[in-house]
Amino acid sequence: MSVSQNAGAKASSHFDAVIVGAGFSGLYQLHLLRDKLGRSVRVLEAAGGIGGTWYWNRYPGARCDSESHYYCYSFSRELQQEWRWSERYPEHPEIRRYLNYVAERFNLLPDIQLNTKVMRADFNDESNRWVIQTESGEQFEATYLVTAVGCLSTANVPNIAGLDDFGGDWYHTGHWPHEGVNLAGKRVGLVGTGSTGIQATPVIAEQAEHLTVFQRTANYSVPARNRPLDDAMQAWIAGNHDEIRLQARRTTNGHPFDIPELSALDVSDAERAALYEAAWERGGLRFRATFKDLITNREANETASEFIRDKIRSIVKDPATAEKLVPHDHLYATKRPPIDTNYFETFNRDNVALVDLKADPIDRIVKEGIRTQAGTHPLDVIVFATGFDALTGPLFGLNVHGSDGVALKDVWADGPRTYLGLQTPGFPNLFTITGPGSPSVLTNMPVAIEQHAEWIADCIAHMRDKGASRIEATREATEKWVAHVNEAAEATLLPMASSSWYLGANVPGKPKVFMPYAGGLAHYRQICADVAANHYDGFAIS
Ligand SMILES: Cc1cc2nc3c(=O)[nH]c(=O)nc-3n(C[C@H](O)[C@H](O)[C@H](O)COP(=O)(O)OP(=O)(O)OC[C@H]3O[C@@H](n4cnc5c(N)ncnc54)[C@H](O)[C@@H]3O)c2cc1C
């Protein structure tokens, strides 16, 4: 069956579990609940195909930043042996092909209903079941509602005056047209210089007649050093499945490399520079693991930040442009660290200009283009690489109402409050994969996703074995967990980046709360395992 077809509804709309979302999370959760536990499951997905992030994000240059051999599932050795990645960081079509392969291999498609947007979910206190309503008016009932809606799936288009007046076309990178956009001969304005903007800039510069990058926050970026995976690397990946899997599970960020027990302040200037140089040449997110204290010690971090600032100055030929690109308002890796292929080099091209919005803010969008205080930049196309209403956005989009009709949006009005990121008091039988309060976006996400999906499946098996029908996080356990999440964030430099989407700062009106759990994935995995072993301590089961 083609995955772009709607798999068709079963006669019954009553299920043991409804899962919302068919990306990495939803696919694996379906496999576990249906094939390991024998539960009846329906996956509801708004998109016309599976893949989640990789269904929606098709902008020029869209690819993963985690390396392919660990930006994938690890639960099946056979799957890993069958699939060959072509590159160190594959582009979006290849990741989509992989997820479609997984869906077909595990026969997941018959239980996935595409083109089905969930608009509302209400918990029925009498039946202990969720009632789920879709945009087209269908209704489903399920004992368990598992949200696999992703952390970065609600596009954030900035509210800039005059967008409706614009005479050209505009796009958000997270909703890129499937047929692509022909930028040849076009004057393109790209707004946003986070990970996406940094990936897209060099590729758009090659396609367009002219590119103007509108930068609010200068960003650190390290070369990705993408390359095809040669036979030796393929053989190494195939021969080391268990070791890669185990290593990813025992590290702070779910990446299969250890962080050395070495402080950036314990070595001589020459040694430090040599280690940074080697990490720069190796490329990728591993740069942040050069020393153990880059995320915890400001002085240590400054050495990495300064190294990258110097690199920017040495790459970008025009000193004034280079200075605009050098970040001073936050430290390296305290915002989501981008990696790139020729990002800074792109500003040496004749057809690329940079507008520093801190010095020259946007006044409004006009018919001809974007008007800043200094004047109008004529444009045919505007690309918003402005990210997402991260973590809470997709959950609020579900319009979830728990016991007594209470809305999640109201309960989280001052910021998310969860127990382990998995549940919220007042919302029984609702599980969230990689929700706020869990390591989620601070990790290589497939590892965090597998841990959550497995924990949820084990919990539902436990409920079945006990003959129980209702599980709910207690308020006491939740308050303690929220305090611990805050404490873990404060022990790092991460909350210092005041414009970060980790804090919700990119969305006007969103409470500024550091949302993910910064205590490390391995540590978190142990906490979750202990909770389960201790009779699901902190959950009320009946
Ligand atoms: C451009 C980009 C690059 C990334 N690169 C990396 C990387 O290199 N490494 C990494 O670890 N992570 C990366 N991420 C994070 C990425 O989101 C995760 O790695 C992973 O894909 C998340 O999978 P998921 O299934 O949890 O969520 P998603 O892939 O976001 O899937 C969620 C699905 O839920 C659906 N949905 C949401 N709301 C509803 C609703 N109301 N009704 C029905 N369906 C709904 C959406 O349509 C979507 O298909 C990247 C993210 C982006 C945007």
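Q: Contact means heavy atoms within 4.5 Å. With which residues is phenylalanine 388 in contact, leaving aside its neighbours within four places in sequence?
A: The structure is a predicted model. In it, phenylalanine 388 is in contact with Asn57, Leu152, Ser153, Thr154, Ala155, Asn156, Gly174, Asn506 and Val507, once neighbours within four places in sequence are left out.

Q: Where is phenylalanine 388 found, and why is it called buried or exposed?
A: Phenylalanine 388 is found in the loop between β16 and α12. Its relative accessible area is 12%, and buried means under 20%. Phenylalanine 388 is therefore buried.

Q: How far apart are phenylalanine 388 and glycine 52, in sequence and in space?
A: The two are 336 residues apart in sequence, and their C-alpha atoms are 14 Å apart in space.

Q: What makes aspartate 389 count as buried or exposed?
A: Aspartate 389 has a relative accessible area of 19%. The limit for buried is under 20%, so aspartate 389 is buried. Its place is in the loop between β16 (381-384) and α12 (392-396).

Q: Which residues is aspartate 389 in contact with, leaving aside its neighbours within four places in sequence?
A: With those neighbours set aside, aspartate 389 is in contact with Cys151, Thr154, Asn156, Pro394, Val507 and Lys510. Thr154, Asn156 and Val507 are also among the contacts of phenylalanine 388.

Q: Why is glycine 174 called buried or exposed?
A: Glycine 174 has 4% relative accessibility. Set against the cut-off of under 20%, that value makes glycine 174 buried.

Q: Where is glycine 174 found, and what does it contact beyond four places in sequence?
A: Glycine 174 is found in the loop between β7 (169-172) and β8 (187-191). Leaving aside neighbours within four places in sequence, glycine 174 is in contact with Trp56, Asn57 and Phe388. Glycine 174 and threonine 196 are 22 residues apart in sequence, with 9.2 Å between their C-alpha atoms.

Q: How do you know whether glutamate 450 is buried or exposed?
A: The relative accessibility of glutamate 450 is 2%. Buried means under 20%, so glutamate 450 counts as buried. It lies in helix α14.

Q: Which residues is glutamate 450 in contact with, leaving aside its neighbours within four places in sequence?
A: Outside that range, glutamate 450 is in contact with Tyr28, Tyr73, Ser74, Phe75, Arg245 and Arg249. Tyr28, Tyr73 and Phe75 are also members of a cluster linked by ring pairs. That cluster further includes Phe24, Trp54, Tyr71, Trp83, Trp85, Tyr98, Tyr101 and Phe106.

Q: How many aromatic pairs are there?
A: Rings pair if their centres lie within 6.5 Å. By this rule the count is 38 aromatic pairs.

Q: Why is the pair of tryptophan 280 and phenylalanine 307 called edge-to-face?
A: The ring centres of tryptophan 280 and phenylalanine 307 are 6.0 Å apart, and their planes are at 70°. Planes over 60 degrees apart count as edge-to-face, so this pair is edge-to-face. The pair links distant parts of the chain, 27 residues apart: tryptophan 280 is in helix α8 (residues 269-282) and phenylalanine 307 in helix α9 (residues 298-315).

Q: What makes tryptophan 280 and phenylalanine 307 count as buried or exposed?
A: Tryptophan 280 has 5% relative accessibility, and phenylalanine 307 has 11%. With buried set at under 20%, tryptophan 280 counts as buried, and phenylalanine 307 counts as buried too.

Q: What is the phi of threonine 434, and why is this residue called buried or exposed?
A: Threonine 434 has a positive phi of about 50° although it is not a glycine. Its place is in the loop between β18 (430-432) and α14 (445-466). At 3% relative accessibility, against a limit of under 20%, threonine 434 counts as buried.

Q: What is the phi of asparagine 115, and where is this residue found?
A: Asparagine 115, which is not a glycine, has a positive phi of about 50°. Asparagine 115 is found in the loop between β3 (112-113) and β4 (118-124).

Q: How do you know whether the radius of gyration agrees or disagrees with a compact globule?
A: For 542 residues, a compact globule would have a radius of gyration near 24 Å. The protein has 23 Å, which agrees. Its C-alpha atoms fill a box of roughly 70 × 55 × 50 Å along the principal axes.

Q: How many helices and strands does the protein have, and what share of its residues is buried?
A: The protein has 16 helices and 20 strands. Buried residues make up 59% of the 542 residues.

Definitions and conventions
Residues numbered from 1 in each chain as written. Predicted model: local features only at pLDDT ≥ 70, side-chain atom pairs only at ≥ 80, totals over all residues. Heavy atoms only, no water. Helix = DSSP H or I, 4+ residues; strand = E, 2+ residues; numbered from the N terminus. Rg over C-alpha atoms; globule rule 2.2 N^0.38 Å. Buried < 20%, exposed > 50% of the residue type's maximum accessible area, 1.4 Å probe, protein only. Phe/Tyr/Trp six-rings, centres within 6.5 Å; stacked < 30°, edge-to-face > 60°.
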